Each structure stands twice: as structure tokens, then as C-alpha cells.
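Please open the model in your viewer and keep the selection panel at hand. The tour moves from one selection to the next and says what is there at each stop.

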Amino acid sequence: MKLLSNYIKEMKIAARGFYFYIEIVIAVIIVSILLFAISEESVSREKEFLFYEAEQELYDYIMDPYFKDGRLVRKESVGFKVKAMDIEVVDQETGEIISHHFDENTIAAETIEQYDTKTGKLDKTIYKVNSYEDMLHLSYSEQSFGAVVKYELDENYKIIDSYKYYIQGYETERFMNILYVLYNENPEVLKEYSDKQNVRVLGDMEKLNNRESMVPIFLTFLGSIMGIVIVVAYLFLDKNERVIKSFAVTPASINSYLFSKIMVILTTVTISSVIITIPVMGTKPDYLQLLLFLYMSTFAMSAIGLFLSSFFDNMTNAFGALFGVVLILLLPMFSYFIPSFDPLWLRFFPTYSMLQGYKTILLGGIELRYVLLYSFIYLIGGIIIFALANVRLRKTLTV
Amino acid sequence: MISVKNLSHSYNNDGILAINNISFDVAKGETFGFLGPSGSGKSTTQGILTGLLKQQTGKVSVAGYDTMKVQNERFNKIGVSFEQSNVYSKLTARENLKFYAKLFDVPTRDPDELIRLVGLEGKEKVRAGEFSKGMKHRLTFARSMINNPELWFLDEPTTGLDPTIAATIKDIIRERTASGTTCFLTTHNMYIADELCDRVAFIIDGEIVLIDTPKKLKLQYGQKLAEIEYFKDGKLITETLKTIDNADKSRIADIIKNYDVQTMHTKEATLEEIFIQVTGRGLA
Ligand SMILES: Nc1ncnc2c1ncn2[C@@H]1O[C@H](COP(=O)(O)OP(=O)(O)O)[C@@H](O)[C@H]1O
Ligand SMILES: [Mg+2]
């Protein structure tokens with residue numbers, strides 16, 4: 001009850017202040033940019049590492065028409081130097097985990113360029129390798145798309161199999177999955193054979209288009225970084241007005257006071273996230289998952305904000321530290337856009353998992369485990385940091 | 001209601017004591033005044049008693065609760081008015097009180113009635129941010145009564161208010177304390193202390209110099225002062241001198257002999273004069 005009246009009061013104050021509107025205005029600006037300035041064009045995969053599980057004759061038979069019409073162009077073979085690494089592959093279908101150990105090596109690959117027949121533009125470069133293991137090793141060390149393409153013929157020389165196991169090289173190793181996906185660039189073939197095959201159609205979940213791929217960035221930015229700064233701004237506004245002192249001489253706990261602040265952040269973040277997500281993504285994502293992830297991550301971030309604020313006694317002094325933390329937290333965004341920049345230490349940043357989590361949810365929530373696990377980590381981490389902030393702020397807020 | 005033993009406080013743990021080894025008791029129903037000049041440690045004492053400042057030494061019990069332990073429910077019985085007003089400027093007067101009332105577990109008073117009581121009627125829907133300093137102060141004061149406190153802390157309740165409003169506030173305090181509310185009142189205004197307090201403590205530089213009833217203090221120190229008005233170089237000068245002090249006695253004789261004395265009478269000492277006599281310093 002006290003939490004509720006605290007929350008109502010905080011919302012009134014927020015609605016009469018300007019931070020609230022800043023966040024909404026920013027959200028409106030972002031969604032306008034996304035809708036009007038960024039095209040829906042697919043992101044080019046640029047590089048693909050493919051292993052064709054098919055006889056050379058069959059491969060040639062299927063592919064020759066494409067080479068003839070100029071869609072595919074053979075280039076000089078290249079050798080990739082790859083480091084030693086261990087990879088665990090979780091088979092999405094069976095849940096089986098297969099461990100692979102790879103030594104340092106140089107892998108030779110046939111280079112094929114794929115062009116868009118309409119525009120004549122280079123679509124992507126395909127590196128054809130000679131084994132599943134090479135594909136896996138290369139795809140992970142190059143942080144790029146990798147797949148197995150399988151073709152077989154039945155006794156009437158009809159193609160009976162045409163599917164890919166595919167992986168995205170930039171998934172975290174732990175949660176990487178092999179997904180059984182029909183190769184959806186050729187829907188006719190797919191239709192014709194899908195009845196016969198033990199394959200699961202997962203739709204076109206594997207890619208976000210240009211515009212959609214920006215959404216996780218902004219959700220992460222608004223949900224957490226704005227959360228950190230604004231929760232602290234609210235706190236110091238109160239401290240300036242000395243109202244915390246008056247609160248401290250009531251039977252209500254500082255706990256509920258602080259948590260009501262976080263609830264205000266959660267409310268504004270919900271509004272701004274909805275403003276951005278719905279116009280761009282429509283009904284594609286699972287909004288329940290999105291909200292869960294949004295609330296848990298924002299809660300953890302706001303707790304961090306409160307904890308940081310306990311080391312300072314006004315906004316001016318706190319601003320430098322907050323600014324620094326915000327800049328550091330932005331680092332994983334580089335990795336989001338530059339897949340080859342993905343050092344291990346970056347994965348310990350909460351914003352890293354937030355970006356991956358949002359992406360997963362927007363893709364259609366195929367890796368629910370990832371979303372749930374990180375929601376849980378944020379919740380536990382958030383509770384611990386919130387408790388610490390509480391203890392510290394109890395001492396410093398009323399002086 | 002309040003028991004304080006050997007309480008000291010240093011703000012930065014630097015050995016500089018804002019209050020130094022003070023002890024006193026406040027009985028149920030009593031109005032206890034803390035009288036002392038600015039910076040003497042009055043607000044610091046209230047801060048510790050109300051749990052806003054962390055208690056460092058000594059033994060303090062307030063409304064039956066040990067202040068070393070955190071027990072929020074004690075605030076159901078306590079009301080606190082602050083020296084510096086602290087209301088939400090973005091909330092209206094009524095919203096401020098309504099919200100505050102919800103934080104208590106005991107029956108609370110009607111916000112509008114309290115607003116009327118402190119002379120802010122008609123301002124219920126005005127945001128506190130638009131209030132003058134004095135109006136905010138009155139709202140802070142009104143808020144301290146919302147839970148009908150048994151124990152009431154008032155830090156400089158009339159400071160900065162114009163005289164008619166100060167009189168209203170004094171009436172409210174008198175009324176409540178007459179009906180049994182225990183009151184810990186902090187002030188550097190001797191009239192307030194004199195008019196409202198059953199007992200006063202003189203505090204200076206963080207130390208309590210004396211505790212007594214205003215009446216006894218005046219009996220003890222009063223009737224022993226002579227106030228002389230005289231002309232010196234065409235200007236009217238007033239001097240207050242002790243009739244029992246030898247140096248002052250010869251000063252009186254000196255004035256009568258050398259100047260044109262306008263008026264001269266003995267008078268009852270004010271608390272301020274007693275304060276000066278006892279501590280050697282004024283209240284300003
Ligand atoms: N927050 C603070 N930090 C450090 N010193 C303080 C603080 N508040 C008050 N003091 C010092 O403590 C002493 C007592 O102050 P205070 O209790 O406010 O006096 P009063 O209420 O009698 O005017 C003063 O010397 C004052 O400067
Ligand atoms: Mg004071």
C-alpha cells in the first residue's frame with residue numbers, strides 16, 4: 001500500500017517534471033529516424049562459410065545454372081589462418097551437446113561471389129569448405145554465418161534433400177545452437193519436399209532487417225542507460241528538496257521509497273520502448289517476453305544507478321561518474337555492429353547480454369533459455385545491488 | 001518520553017563535537033525547550049532523536065524506543081517539523097499532506113483541516129513550489145501533526161514567520177501541548193521558550209549549561225536588574241545592570257552622577273538576559 005501511494009506520488013512528480021518527457025521525446029525521435037531514415041533492406045551477410053554435403057556432380061548439377069547466369073562467380077581460393085578453439089554445439093532438436101576441439105590450422109576455401117541478378121550488386125561472398133568441422137571452426141573464428149547444405153538424389157534422380165543446419169557465428173558459444181532450418185531462399189523446393197523431410201520450419205526468424213536490427217540498440221540504451229541517469233537525477237532532486245528527511249521520519253521504509261523510484265523508471269521505459277518497438281516490429285516479437293526482459297534488466301540497471309549515487313551527495317558530483325559508467329556500458333554496442341570485435345571480457349557487461357537478449361526476442365524468441373537465464377541473473381544481481389544501495393543510502397540520504 | 005544520557009556527536013568523526021556529552025529527560029506531557037544561539041547543536045540533537053543522524057555514543061530512548069535500533073513503527077507516535085521546510089514542490093499542498101498521511105499506520109487527520117489550521121486555506125490546490133518560504137514552513141509544520149503525534153519535535157517552529165502567523169502557530173502548539181502532547185521544541189527565540197515551555201535547557205557550543213523552568217529562572221535571576229535610560233552627547237542610551245554586582249553598582253552611581261537620567265527601574269529578567277548572565281553570550 002505504502003509502495004503504491006509512493007509510486008503514485010512519484011508518477012505525479014515525474015509527470016510534472018521534464019525528465020519524463022525527455023525520454024518520451026527521445027523515443028519519438030528514435031522511432032521517426034528508424035521509420036523514415038533507415039531502410040528495411042536486409043543486412044547483407046557479407047561472408048558465409050558453407051559446407052555442401054553432396055557429391056561434386058550433384059553440386060555442379062544444381063549450381064551450374066547459377067554460375068552460367070552470372071549470379072555466382074568463382075574467384076581465387078583462399079586460406080584462412082584459424083586459432084585453436086573449443087566449441088560446444090547444442091543440437092536444438094535433440095538437446096545433445098557435442099564438444100569439438102580444434103587445433104590451430106589453415107583452412108582452404110573456395111571463394112564464390114553471389115550477385116543480385118536485378119541490381120548486379122555483390123550480395124555476399126561464399127566460402128565453400130570441405131568439412132562440417134572446417135565450417136564450424138571458420139564460422140566461429142570469423143564470427144560469421146556458417147551452414148551445412150545437404151543435397152541428395154532419389155532413385156529417379158530427383159533432389160530429395162535441400163536443407164541446412166545453420167549457425168550464426170556471433171552467438172555466444174555457450175548458447176549457440178544448431179538450428180534445423182529450411183533454406184528459405186528457395187520456397188518452391190521447400191514446399192515440394194518438406195513433407196518428406198524431418199525438418200522443422202522456423203520461418204524467417206534468423207535475420208532482422210536493417211531497421212529492426214537497430215531496435216535492440218535503442219531498447220538497451222533507453223532501458224538501462226537512461227534508467228541509470230534518470231533514477232539518480234530523481235533521487236538528487238528529492239535530496240535537494242530535503243523531502244527524503246521528511247520521509248525518513250515516517251513508519252514507511254526507505255526501501256519502498258527507493259523502489260518506487262525504480263517503478264517510475266520501469267513505467268517510463270515501458271512507454272518509450274513501446275513507442276519504438278511497436279511501429280518497427282509490429283506483432284512479430286513476443287511482447288510478454290520483451291516486457292519481462294525489459295523489466296528485469298532495467299531493474300538491475302536502476303539498482304546500479306542508486307548504488308552509484310550513494311557515493312555522491314549531489315547530481316553535479318555524481319554526473320562525472322555516471323557519464324563514465326554510461327560510456328563504458330556503451331562498448332558492447334560496437335561489438336553488436338562489428339561482429340569481429342567480440343572480446344571475452346565484453347560479455348560480462350550487462351549491456352552485452354541485453355543486446356543479445358533483445359535481439360533474440362525480436363527474432364521471435366527462439367532462444368527462450370537465454371532470455372530467461374539473463375532475466376534471472378538481472379533479477380538476482382539487481383536485488384543484491386539494490387540491497388547494498390539501500391544500506392548505503394540509508395546512511396547518506398538524511399544527513 | 002525522552003531520555004538522553006551522555007550523548008555526543010561529531011559530524012565528520014574529526015573530534016569536533018557538535019554536541020558534547022549532553023544528558024536530559026523529557027517527561028510525558030511536558031514541553032521541553034532547547035534554547036541556544038544558532039550553531040549551538042539544537043538541530044543536531046533533534047536529528048539524533050528523530051533517527052535522521054546516526055547516533056554515535058551515549059544512550060537515548062525516544063517514546064520507549066532505543067534509537068540505536070532501527071524501528072520505523074515508532075514514527076506512528078512521532079511528529080517532526082523541520083527548521084528548513086521540506087515539502088514536494090511539484091505536489092500541491094493537499095497532495096503533499098495526503099501522500100504523507102498514507103505513510104502512517106495510525107488514523108490521520110484531514111489534510112484540508114490542517115491546511116486551514118495554519119492559515120493556508122484556499123491554497124490547497126496550489127503547488128508547494130509556488131509557495132513563499134513562510135508558507136512552505138507552515139505546510140511542513142502542519143504535516144508534522146498529521147498522525148496526531150504523542151511526541152512532537154519542533155525545530156524553530158516560528159522562525160522567519162511574520163508576527164501574526166507566528167502567533168497562530170504558537171496558539172496551535174499551546175493547544176496541543178495543553179491536551180497532553182509531549183513536545184521537544186528547539187529555538188533561539190527566548191519569547192517562544194518562555195511562553196511555551198515547561199522547562200528549558202540552555203545550550204551553547206554543544207553543551208547544556210542549565211535546565212530549569214522559566215519561572216524558577218526568573219525568580220532566581222529576576223528583580224536583580226536595573227534598566228537605566230540616559231542622555232549622553234545628546235543620544236539616548238539604555239543600559240541594563242545587575243543590582244547585586246559591585247562593579248555594576250558603581251556604574252549605576254556613576255551614570256546618575258554624570259548624565260541626565262531619563263528613566264530607571266528594576267525589572268524581571270527576560271530569558272535572554274538570564275541566558276547572557278549564565279553563559280556570557282547572547283542568543284543572536
Ligand atoms: N551537516 C553538517 N556537517 C558538519 N557540521 C555540521 C552539519 N550540520 C551542523 N553542523 C555543525 O554542527 C554545529 C551545530 O549545528 P546545529 O545543530 O545545526 O545548530 P543549531 O540548530 O543550534 O543552530 C554547528 O557548528 C554546525 O556548523
Ligand atoms: Mg538549528
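The stops below begin at a ligand and then turn to a contact between chains. Keep in mind throughout that this is a predicted model.

**First stop: the ligand**

Select ligand 1 together with the residues around it, which are Y11(B), A18(B), P37(B), S38(B), G39(B), S40(B), G41(B), K42(B), S43(B) and T44(B). If you colour this shell by residue class, it shows three nonpolar, six polar and one charged residues.

Which residues of this shell place polar side-chain atoms by the ligand? Begin with Y11(B), where such an atom lies 3.4 Å from a nitrogen atom of ligand 1, and go on to S43(B), where a polar side-chain atom is 2.8 Å from an oxygen atom of the ligand. Then show the backbone of G39(B), because here it is a backbone N or O atom that comes to 2.6 Å from an oxygen atom of ligand 1, a pair that falls within the 3.5 Å cut-off for a polar contact. With a surface switched on, note that ligand 1 taken alone exposes 560 Å², and that the protein buries 61% of that area.

**Second stop: the contact between the chains**

Now select the contact between the two chains, to which chain B brings 27 residues and chain A brings 25 residues. The area buried between chain B and chain A is about 2500 Å², and carbon and sulfur atoms give 62% of it. Highlight L52(B), Y88(B) and L103(B), since these three supply 26% of the area that chain B buries against chain A, more than any other three residues.

**Third stop: polar pairs and salt bridges**

Between chain B and chain A there are 10 residue pairs in polar contact, counting pairs with both residues at pLDDT 80 or more, and three salt bridges. On the side of chain B that touches chain A, helix α2 (residues 93–102) gives the most, with four residues, and the residues of that side divide into 12 nonpolar, eight polar and seven charged.

Finally, select K2(A) and D105(B), whose side chains meet in a salt bridge of 2.7 Å, N to O. Over all chains, the structure holds 21 salt bridges. The pair you have selected crosses between chains, from K2(A) in helix α1 (residues 2–16) of chain A to D105(B) in the loop between α2 and α3 (111–117) of chain B.

Note on methods:
Residues numbered from 1 in each chain as written. Chains lettered and ligands numbered in written order. Predicted model: local features only at pLDDT ≥ 70, side-chain atom pairs only at ≥ 80, totals over all residues. Heavy atoms only, no water. Near = heavy atom within 4 Å. Polar contact = N/O pair within 3.5 Å; in protein donor to acceptor, adjacent residues only side chain to side chain. Areas by Shrake-Rupley, 256 points an atom, 1.4 Å probe, with all protein chains shown as cover. Nonpolar A, V, L, I, M, F, W, Y, C, P; charged D, E, K, R; others polar. Contact = heavy atoms within 4.5 Å. Buried area = accessible area lost by both parts, 1.4 Å probe. Salt bridge = Lys/Arg side-chain N within 4 Å of Asp/Glu carboxyl O. Helix = DSSP H or I, 4+ residues; strand = E, 2+ residues; numbered from the N terminus.
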